[in-house]
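I opened this entry to look up how the two chains meet, and then how the annotated domains and the charged pairs fit in.

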2 protein chains.
Amino acid sequence: MKFLCQKNKLQEAISISQKAVTGKSTLPVLEGLFISAKDDTITIIGSDIDLSIESKLEANVFENGNVVVDSKLLGEIIRRLPNDEVEIETLENNILQISCQKSNFTLVHLNAADYPTIPHIDEDIVVSIEQSIMKNMIKSTIFSVAQDETRPILTGILFEISDNKLNMVALDGYRLAVRSESFDTDKKITAVIPSKTLNEISKILEDSDEKLDITFTQNHILFNLKNTKVISRLLEGEFIKYTSIIPEEYNLKIKANRVDMLNCIERASLMAKEGNTNLIKLNIQEDNLLITSNSQLGKVKEELSIILQGQPLQIAFNSKYLIDVLKTMEEEEISMEFTSAVSPCIIKNVNIDNCIYLVLPVRLLNN
Amino acid sequence: MKFLCQKNKLQEAISISQKAVTGKSTLPVLEGLFISAKDDTITIIGSDIDLSIESKLEANVFENGNVVVDSKLLGEIIRRLPNDEVEIETLENNILQISCQKSNFTLVHLNAADYPTIPHIDEDIVVSIEQSIMKNMIKSTIFSVAQDETRPILTGILFEISDNKLNMVALDGYRLAVRSESFDTDKKITAVIPSKTLNEISKILEDSDEKLDITFTQNHILFNLKNTKVISRLLEGEFIKYTSIIPEEYNLKIKANRVDMLNCIERASLMAKEGNTNLIKLNIQEDNLLITSNSQLGKVKEELSIILQGQPLQIAFNSKYLIDVLKTMEEEEISMEFTSAVSPCIIKNVNIDNCIYLVLPVRLLNN
């Protein structure tokens with residue numbers, strides 16, 4: 001293998017493919033990047049088996065070939081080279097030589113034949129979506145994904161395409177996040193994607209209206225960007241029927257300014273941190289929301305103007321769950337719907353109907 | 001105690017005084033900030049006994065008084081309040097009330113009488129220096145301070161004022177940093193200041209030509225800025241006679257571009273990280289410096305244009321020590337003076353004579 005390429009392009013491709021290298025694999029070859037030179041194109045693959053990222057760049061390829069090189073060391077070397085042409089060449093005895101201006105590195109490379117095969121994806125069910133929308137939909141739901149592995153399916157996000165709509169859904173037993181976008185397709189798809197995959201994808205996606213192609217197979221998903229392909233296994237099993245969890249009716253509804261409410265709850269939670277209970281009480285009154293919290297540290301009382309439809313209510317929450325939702329939402333005005341002090345609370349935008357958040361209250365001893 | 005002040009001013013004063021609160025003290029009261037309201041001035045003190053920081057702000061004081069409040073909690077509360085007037089008031093039963101707009105906090109405060117007395121400094125030996133110069137002098141030397149406590153005096157920086165000059169000196173047994181500035185004074189002072197104190201001071205100092213007053217006593221140093229006083233104990237004992245360590249003569253001298261050399265050494269050290277030896281070899285030739293490093297990871301060779309006076313030499317270093325020096329220096333051209341492969345190397349600016357760095361080489365088996 002021998003090729004010449006621009007340092008900047010190489011660095012970019014390496015840093016994208018590196019995102020799939022976790023260093024936690026039992027297979028030593030997966031601590032490396034697979035580098036293939038062929039037909040004036042360099043392909044760089046990083047993988048932890050579940051998730052693989054492939055990026056491509058142009059190069060002058062003098063001799064085709066494949067090698068595997070330690071991901072971290074290669075990344076550090078390329079990053080620190082001068083911004084100029086880099087020559088990479090395999091020598092005898094499994095040596096890889098990297099040269100740029102007056103810098104010369106020689107490292108031992110691994111055998112490319114030992115690198116696992118990346119699943120081949122037949123491009124049969126393809127949908128397209130703007131990068132910025134996908135990025136936003138991931139951000140709007142990923143915080144609600146289950147952190148523990150008790151029910152593995154809940155560590156992923158449900159992709160549900162039907163009726164010209166894409167819904168993304170995450171839930172962890174205490175809260176639920178649904179984010180929807182209209183979507184011009186006659187396809188019907190249900191798949192659960194590991195949150196780790198979506199976390200890495202959202203780092204690669206740009207805030208642009210350029211399209212991202214997504215291909216689904218029985219067991220895998222492929223995200224196809226211009227020079228980058230991300231392939232991930234899907235989670236097996238059936239997702240919870242989330243629609244049945246979301247109450248359709250409510251007894252009272254409040255409207256409030258989102259940022260004001262976020263600030264009040266964040267301040268109130270300063271006193272609620274002790275013992276990690278994060279317990280805050282909401283006293284919903286006519287025109288007014290009182291937020292209080294008590295602990296050994298002291299007491300706090302916050303007051304917020306609201307518009308109330310229905311009867312006053314007292315209800316308690318883990319403040320973290322409300323803060324997560326209010327931080328993620330983007331509209332100025334939000335609504336919260338309640339049925340009783342022991343029923344879930346539903347949070348939505350007042351104007352734009354593209355998300356539904358559900359948070360379970362904390363049952364107090366005197367409820 | 002009762003006063004009214006601007007949230008922003010209060011937040012700034014708290015965040016400055018907090019720098020002295022380490023949370024590592026055995027005295028629980030030192031986890032708090034001492035707050036004193038008197039004559040329309042609020043004084044806030046944080047301390048870990050060795051180092052105390054006092055900051056002042058204007059306020060409408062309705063009732064004089066002193067309290068001690070948990071530093072972290074108070075800082076968090078004030079930081080999250082709306083940017084408006086804050087009212088702080090002591091109530092019965094050791095309760096402190098903090099109110100701002102519709103936010104109301106009540107916390108238990110500690111007894112101000114339990115707070116240790118901050119040393120009183122007679123302002124007898126005062127010198128003045130520009131903030132930006134002091135900040136730069138600290139940055140130029142502090143990285144060479146000894147990290148272990150084997151010789152406590154070496155965990156500080158020597159301040160040496162004499163002959164219209166301020167020298168600041170740090171050394172750790174492997175390297176030495178001397179930074180000097182001319183200084184219009186007839187005073188003669190020698191003091192060793194703990195590096196922790198100077199680290200905190202440099203965070204408070206601004207890149208401005210405003211003056212900083214420094215007062216020395218037998219056991220303490222006082223840094224006096226506009227609204228802030230930093231008081232620190234001095235280290236006891238005598239500093240090493242550093243001038244006798246610096247060789248006056250040399251056999252060869254090279255001149256090189258500082259940033260180019262830094263980049264070469266940083267790249268070479270990528271291969272030297274294994275086993276934390278950081279060993280790199282310098283092969284000083286006519287017009288050319290070869291920097292090499294070998295390890296199980298691989299080999300690297302870097303080449304750099306230099307101007308050589310004297311005979312070629314091969315010498316080895318811990319790359320970290322050279323990188324620390326080259327990163328800190330600011331001039332474009334540097335000089336390095338050598339006597340032999342086992343004698344110290346002296347690094348200076350070519351044009352501006354305000355610093356001397358000494359680094360010991362690593363003795364190789366074949367030397």
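**Entry 1, the contact.** I began with the buried area in this predicted model, and found that chain A and chain B bury about 2300 Å² between them, with 54% of it on carbon and sulfur atoms. On the side of chain A, the residues that lose the most area to chain B are R80(A), K102(A) and R267(A), which together make up 26% of what that side buries. I then looked up who takes part, and the contact draws 25 residues from chain A and 25 residues from chain B.

**Entry 2, polar pairs across the contact.** I next asked how many residue pairs are in polar contact between chain A and chain B. The count is 16 residue pairs, both residues at pLDDT 80 or more. I noted that α2 (71-80), β9 (103-108), α5 (258-270) and β21 (298-305) of chain A are the elements giving two or more residues to the side that touches chain B. Of the elements on that side, β21(A) gives the most, with seven residues. By residue class, the side of chain A that touches chain B divides into eleven nonpolar, five polar and nine charged residues.

**Entry 3, strands across the contact.** I followed β9(A) into the other chain, where five bridges join it to strand β21 (residues 298-305) of chain B, and the two run antiparallel. Within this pairing I located L107(A), which stands opposite G298(B) in β21(B).

**Entry 4, salt bridges.** Side chains of opposite charge can pair when their charged atoms come close. Between chain A and chain B I count two salt bridges, and I looked up a salt bridge in which the side chains of R80(A) and E266(B) meet at 3.0 Å, N to O. Searching the whole structure, I find 32 salt bridges over all chains. Within chain A, the side chains of R267(A) and E302(A) meet in a salt bridge at 2.9 Å, N to O. Because R267(A) lies in helix α5 and E302(A) in strand β21 of chain A, this pair ties together parts that are 35 residues apart in sequence.

**Entry 5, annotated domains.** From the unreviewed UniProt entry I took the annotation "domain: DNA polymerase III beta sliding clamp N-terminal", which covers residues 1-119 of chain A. Over that stretch, residues 1-119, the chain is 18% helix and 47% strand, and the end C-alpha atoms are 24 Å apart. The UniProt annotation "domain: DNA polymerase III beta sliding clamp central", also from an unreviewed entry, covers residues 129-239 of chain A. Over residues 129-239 I read 19% helix and 42% strand, with the end C-alpha atoms 23 Å apart.

Key
Residues numbered from 1 in each chain as written. Chains lettered and ligands numbered in written order. Predicted model: local features only at pLDDT ≥ 70, side-chain atom pairs only at ≥ 80, totals over all residues. Heavy atoms only, no water. UniProt positions renumbered as here; feature names shortened; annotations may be inferred. Helix = DSSP H or I, 4+ residues; strand = E, 2+ residues; numbered from the N terminus. Contact = heavy atoms within 4.5 Å. Buried area = accessible area lost by both parts, 1.4 Å probe. Polar contact = N/O pair within 3.5 Å; in protein donor to acceptor, adjacent residues only side chain to side chain. Nonpolar A, V, L, I, M, F, W, Y, C, P; charged D, E, K, R; others polar. Pairing = 2+ DSSP bridges.
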